[in-house]
Amino acid sequence: MKKKMSLKELDFNNAGSWPREWQFGFCIALGLLILFLLWNFLTRPKGAQLESLEAEEVTKRQDFETLQGKAANLEPLKQQLVQMEQQLQQMLRQLPSKTEMPDLIVDISQTALATGIANELFQPGEEVPLEFYAEKPIDLKMVGSYHQFGAFVSGVASLPRVVIMTMHDISLKPRETPGAAPGDKKKKPLGIGPNSVLELKGTVKTYRYRDEDETAGDSATTPGAQPAPGAAATGATTNNTAAANNAAQGGSR
């Protein structure tokens, strides 16, 4: 019967003389050590990198699905954009044109006179051209009752063309009684009532559509060039504006 050898009796310089069980045990221990070193220094760092790549894969997959959905809806969106642009052009063409603007200003003034409002001031200013529309400021001072102003707004809204009016620096206050003595209670009403005489003062802006010829002419205009074809129309605008002022002053009298 062979005598069992202890670890101290093993000759590490001559491993071939070890008993077979010790040789097997040493090979197993050496293999486990190698596996541990490989896992600790090679495989383990790659695990964190793998998790990062997996998270990146999830993100990129979501981005791909999002872009794929957008690409699938690209053609319908293009068609929708074309329809929206057509609708915008139709809405813009509902605004007054350059030739209709002078008559529109006269119509607004006449609407105020028809409701009984006194136009103490109705002065159109210089037109300001913008990208695809132009704005026309009007300085005004009107005197009338609460219901007359309501009828005026309703009348402007019922004009054939779409009339957009925005108010700037507008003040609406009771009209002081002419000839009242200082400190007289009749001079300054206590509040605004249905039958109070009100004074509306400030600036309103109305807008018109600029056609393609006008917008194209802006890009072609150079210093020293001849006056644009719209100059004659501008003169017509001035004449119609003067007519509106005369009508307003006549109505206030």
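## A friendly walk through a predicted model

Me: Where does Y209 lie in this predicted model?
Reply: Happy to start there, and do keep in mind that the model is predicted. Reading the fold along the sequence gives the pattern α-α-α-β-β-β-α-β-β-α-α. Y209 belongs to one of its strands, namely β5.

Me: Does Y209 count as buried or exposed, and at what relative accessibility?
Reply: A residue is called buried when its relative accessible area is under 20%. Y209 falls under that cut-off, so it counts as buried, with a relative accessibility of 11%.

Me: How far is Y209 from E135 in space, C-alpha to C-alpha?
Reply: Along the chain, Y209 and E135 are 74 residues apart. In space, the separation of their C-alpha atoms is 9.1 Å.

Me: Which residues is Y209 in contact with, leaving aside its neighbours within four places in sequence?
Reply: Let's go through them in sequence order. The list begins with Q89, L92 and R93, and continues with L95, P96, S97 and K98. After those come F132 and E214.

Me: Where is P96 found, and what is its relative accessible area?
Reply: P96 is one of the contacts of Y209. P96 sits in the loop that runs between α2 (74-93) and α3. Buried means under 20%, so P96 is buried, at a relative accessible area of 0%.

Me: In which strand is R208, and why is R208 called buried?
Reply: R208 has its place in strand β5. The cut-off for buried is under 20% relative accessible area. R208 is called buried because its relative accessible area is 1%.

Me: How far apart in space are R208 and T99, C-alpha to C-alpha?
Reply: In sequence, R208 and T99 are 109 residues apart. Going from C-alpha to C-alpha in space, the distance is 9.8 Å.

Me: What share of contacts in the protein between residues at least 6 apart in sequence join residues at least 24 apart?
Reply: R208 with M101 is one example of a contact between residues distant in sequence. Taking the contacts in the protein between residues at least 6 apart, the share that joins residues at least 24 apart is 71%.

Me: Which residues have the most contacts inside the largest nonpolar core?
Reply: In soluble globular proteins, nonpolar side chains tend to be buried together. Here the largest nonpolar core has 18 residues. The ones with the most contacts inside this core are I108, F122, M142 and F152.

Me: Which element gives the most to this core?
Reply: At least two core residues come from each of α3 (101-114), β3 (133-145), α4 (146-157) and β5 (197-209). With five residues, the element that gives the most is α3.

Me: At roughly what angle do the axes of α3 and α4 cross?
Reply: Two packed helices are described by the angle between their axes and the distance between the axes. The axes of α3 and α4 come within 9 Å, and α3 passes α4 in a right-handed crossing. The angle is roughly 145°.

Me: How many nonpolar, polar and charged residues does the contact of α3 with α4 have?
Reply: From α3, residues I108, T111 and A112 meet F152, G155 and V156 of α4. Sorted by class, the contact has four nonpolar, two polar and no charged residues.

Methods
Residues numbered from 1 in each chain as written. Predicted model: local features only at pLDDT ≥ 70, side-chain atom pairs only at ≥ 80, totals over all residues. Heavy atoms only, no water. Core = buried A, V, L, I, M, F, W, Y, C linked by side-chain atoms within 4.5 Å. Buried < 20%, exposed > 50% of the residue type's maximum accessible area, 1.4 Å probe, protein only. Helix = DSSP H or I, 4+ residues; strand = E, 2+ residues; numbered from the N terminus. Axes fitted to C-alpha atoms, helices over the stretch in contact; angles between N-to-C directions. Left-handed = near helix turned anticlockwise from the far one by under 90°. Contact = heavy atoms within 4.5 Å. Nonpolar A, V, L, I, M, F, W, Y, C, P; charged D, E, K, R; others polar.
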